[in-house]
Amino acid sequence: MSDINMPKLSDTMEEGTIVEWKKKSGEQVKAGDVLAEVESDKATFDLEADADGTLQILVEQGVPAKIGAPIARIGEGGGEAATKQDAPSKAPAAEARPKEPETPPAAAEEREPTTQRSAPSKQAPPTEKTGRQPAPQAAPQDGEHLKASPLARRLAEEMGVDLASVKGSGPEGRIVKEDVLAAGGSRPKADRRRPQTAAERQAGPDVEVVEPTRMQATIARRMAESKSTVPEFQVTVEARVDLAVSLRQQLKDSVAGAEKVTMTDFLVRACALALRKFPEVNSSWVDGKFQRKRSINIGLAVAPSQGMGLLVPVVHDADEKDLIQISIESRQVIERARSGRPAEGDLSGATFSISNLGMFGVDEFTAIINPPEAAILAVGAIKDVAIVEDGRIVPGKVMRMTLSVDHRVFYGATAAQFMAEVKRLIENPVTLVVPS
Amino acid sequence: MATATREQQKAPAAAEEKLYRVALREALTEEMDRDDTVYLIGEDIGKFGGAYRVTEGLLDRFGPQRVVDAPIAEEVIVGTAIGSAMLGLRPVVEMMTINFSLVAYDQIVNNAAKIRYMFGGEVKVPMVIRMPGGAGHQLSAQHSHSLEVLYGLIPGLLVVAPTTPEDAKGMLKSAIRGDNPVMFLESMSLYNVRGMVPAGDYTTPLGKAALRREGSDVTVVGVSRMAVLANEAAKQLEEDDIDAEVIDLRSIRPIDWQPIVDSVRKTSRCVVVEEGWSTYGVTAEVVAGVQERCFDYLDAPVRRLGGAQVPMPYNQGLERASIPTAEDIKRLVRATLGKKVD
């Protein structure tokens, strides 16, 4: 018998949702079989069996589970495991199943925030969604302030009992096993799963309430956390990029493997080299101490291929890779992230991030730091401008870059020097193609 | 399971009721008869017959070569035993009390426990140190403590505490036959306890806990004499409709986790009791291990009970108040179950 626990798929993931079970409880599975599609805050992953045996599903699709929480078991042998363990799994199954026939395709639809656009004309979909949305999402948070024994917590999770609604009969009001059993047995679960918000929504027809995807909810939380806890300031520089633009064209035309090199790849290389020179930028402020990171891993903020969201695939050890390697690897990691099938590490471990909105014609902007990183570089579009050079006006290409800085980690002078270095490297792009 | 249990080895002959001290004496006698390399050394164990009369009559039977009356010098006694064990004998040391073994602590910890490791296994130290512990006899602060945890700390030692005459005999035989140093902890208050002892030659494996009583509401793990008190408490708790399971730890090093874990997973509650100080004590170790292994099964905090945090008082009333009683165990069990505590 082996437990399958909700895997931790990214740095920021706290819980995940089974989008779809590909196998049924009681079905024989083999190691390597895809059991389910799991949605984290960032992407959707395939969950594979790590052993042969009989599958027993503990968490039904659509129900969020904390990372590390058991979501299924693979039992040895045939029916024994399934029958023995069936009882506890019945409870959550009973709640989820009746809803499925009503809206079979909604599972896939639900993680796409695009529904927002078409929704205003339709009344039905939001209601359906609320029906599907598991209310006890809030319960684990409430649960932290509740006194409940570990056994009671486990049983509550297995039985789908919301601990917040249980009165504890143990010492000091602790919720104990008996309380959960009593609560689980006495109330029909379907009732509890109806969120109160459903009523509010109908009361305000002018506003459509759209459930965020897990990714969007995480972004909301993390960005608010960043803005409220990180004292940040910005430094902007403008770089001449005529040489970089022509070098890029040269590489694309004449170097095998560099056909798809982008200006962002140049920036990854430039930032990696600059970070090596300024280790204080490649750092974090954690528990009142500086953490200097040995690896230089650069996150690239990109939009997902569908829907509204944000992915930050990571080029690891960027300072040890040449421009061509960075170009190939960044393209691969972005593709994997956008396909919702990232490899391990693809979405985690960044020590510095770059957000480039140049392709959308944005002149300049400021990006929000993604803690625990200390800085993020926001890159604008390359523009043709008139430049005064030696007293004469000449045509030139410029690009504005704005660094957002966590002032706890490093200060204005360092930020200025770091940006001067990035500027120097990008203005002298030959420095980016020589081996480091 | 590779280790044979006592049940499998028990001779068909009828068991007989015997005193704990007599069961120990039988084990020593039978092992000395069986194996010439077994000898005894300690203070007053020969002519006087032992402070607790465990070795009574053995000097006459085996002579002064094999029943050695030693000077009052515990470090010398244990050092002699270690040296002779390294050279092929099987000494059984009697310390008058575990409290005196502190004089020999360096020999036990730095030599007995480590020599087999430090010599790459080339020599072994097959020896037993028997020592009574525990309070209740107005022997005051330097003679009354239960210091088993001091040996439970030390890798290289086996530390056991039998609580019944049957185990006393069977485990002492296993200890003598083993090739590693065994701290064999007896309880002063158990020497006059009677219990059925199987006839004939049998051994009881070391390193195994014993389930003394089945129950469904709470697991009470007792160390040494506290396992006996836990059993008494469990019987009395029946009146309160509390069904307590009792485990006699028997082995302090290593701890036999399986029966404890199985039991706590069944009952979801656990109380651990020792006579010694529970802070940094044997109970502390058991509690830590239980929560690591049973966290998701626990319905209440795992509780420990031990002796008062004072040097043992001489005054009889104060002494009684300083060691756990069956009443104390009952109170803690009730509290763990969320029952009203009087």
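# Close-up views of chains A and B

**View 1. Ile4(A) sits across from Ala72(A), a residue of strand E8(A).** What you're looking at is a predicted model, where local features need pLDDT of at least 70 and side-chain atom pairs count only at pLDDT 80 or more, while totals for chains, interfaces and linings use all residues. Residues are numbered from 1 along each chain as its sequence is written, and chains are lettered from A and ligands numbered from 1 in the order in which they are written. Strand E1 (residues 2-5) of chain A runs antiparallel to E8(A), with 4 bridges between them. Ala72(A) is also the bridge partner of Ile57(A), which fits with strand E6 (residues 53-57) of chain A pairing with E8(A) in the antiparallel sense over 4 bridges. Pairing here takes at least two DSSP bridges between two strands. Strand E8 (residues 70-75) of chain A is mostly covered, with 5 of its 6 residues buried. Buried means 20 or more other C-beta atoms within 10 Å of the residue's own, exposed means 12 or fewer, and partly exposed is in between, with C-beta atoms placed from the backbone.

**View 2. Zooming out from E8(A) gives an open antiparallel sheet of 4 strands, in the order E1-E8-E6-E3 (chain A).** E1 and strand E3 (28-29) of chain A are the edges, each with a single partner strand, so one side of each has no neighbour in the sheet. E3(A) is joined to E6(A) by 2 bridges, and the two run antiparallel. One spot to look at is Val29(A), whose bridge partner in E6(A) is Gly53(A). For the labels, strands are DSSP runs of E with at least two residues, helices are runs of H or I with at least four, and both are numbered from the N terminus.

**View 3. A second open sheet of 4 strands in chain A follows the order E5-E4-E2-E7, again with antiparallel pairing.** At its edges are strand E5 (44-48) and strand E7 (64-66) of chain A, each pairing on one side only. From one strand to the next, the twist averages 40 degrees. Strand E4 (residues 34-39) of chain A runs antiparallel to E5(A), and 5 bridges join the two. Check Val34(A), which faces Glu48(A) in E5(A).

**View 4. Gln216(A) meets a distant stretch of its chain at Gly309(A).** These two residues are 93 apart in sequence, yet their C-alpha atoms are 6.1 Å apart in space. Gln216(A) belongs to helix H10 (residues 214-229) of chain A. It counts as partly exposed because it has 18 C-beta neighbours inside 10 Å. For context, 36% of the 436 residues of chain A count as buried, and the chain holds 15 helices and 16 strands.

**View 5. In chain B, helix H2 (residues 20-34) packs on helix H8 (residues 165-177).** Their axes come within 8 Å and cross at roughly 30 degrees. That makes H2(B) roughly parallel to H8(B), a word used for angles under 35 degrees; over 145 is roughly antiparallel, 65 to 115 roughly perpendicular and the rest oblique. The axes are lines fitted to C-alpha atoms, over the stretch in contact for helices, with angles from 0 to 180 degrees between N-to-C directions. On the H2(B) side, the residues that meet H8(B) include Tyr20(B), Leu24(B) and Glu31(B), and among those on the H8(B) side are Pro165(B), Lys169(B) and Ile176(B). By class, this contact has 8 nonpolar, no polar and 4 charged residues. Contact means C-beta atoms, placed from the backbone, within 7 Å. Ala, Val, Leu, Ile, Met, Phe, Trp, Tyr, Cys and Pro count as nonpolar, Asp, Glu, Lys and Arg as charged, and the others, Gly among them, as polar.

**View 6. Helix H4 (residues 74-86) and helix H5 (residues 105-112) of chain B pack at about 25 degrees, with their axes 8 Å apart.** At that angle, H4(B) is roughly parallel to H5(B). Glu75(B), Val78(B), Gly79(B) and Ile82(B) of H4(B) touch Gln107(B), Ile108(B), Asn111(B) and Ala112(B) of H5(B). The contact divides into 4 nonpolar, 3 polar and 1 charged residues.

**View 7. Strand E14 (residues 303-307) of chain B is mostly covered, with 4 of its 5 residues buried.** Strand E13 (residues 270-277) of chain B runs parallel to E14(B), joined by 4 bridges. Val271(B) is opposite Arg303(B) in E14(B).

Conventions
Two residues are in contact if their C-beta atoms, placed from the backbone, lie within 7 Å.
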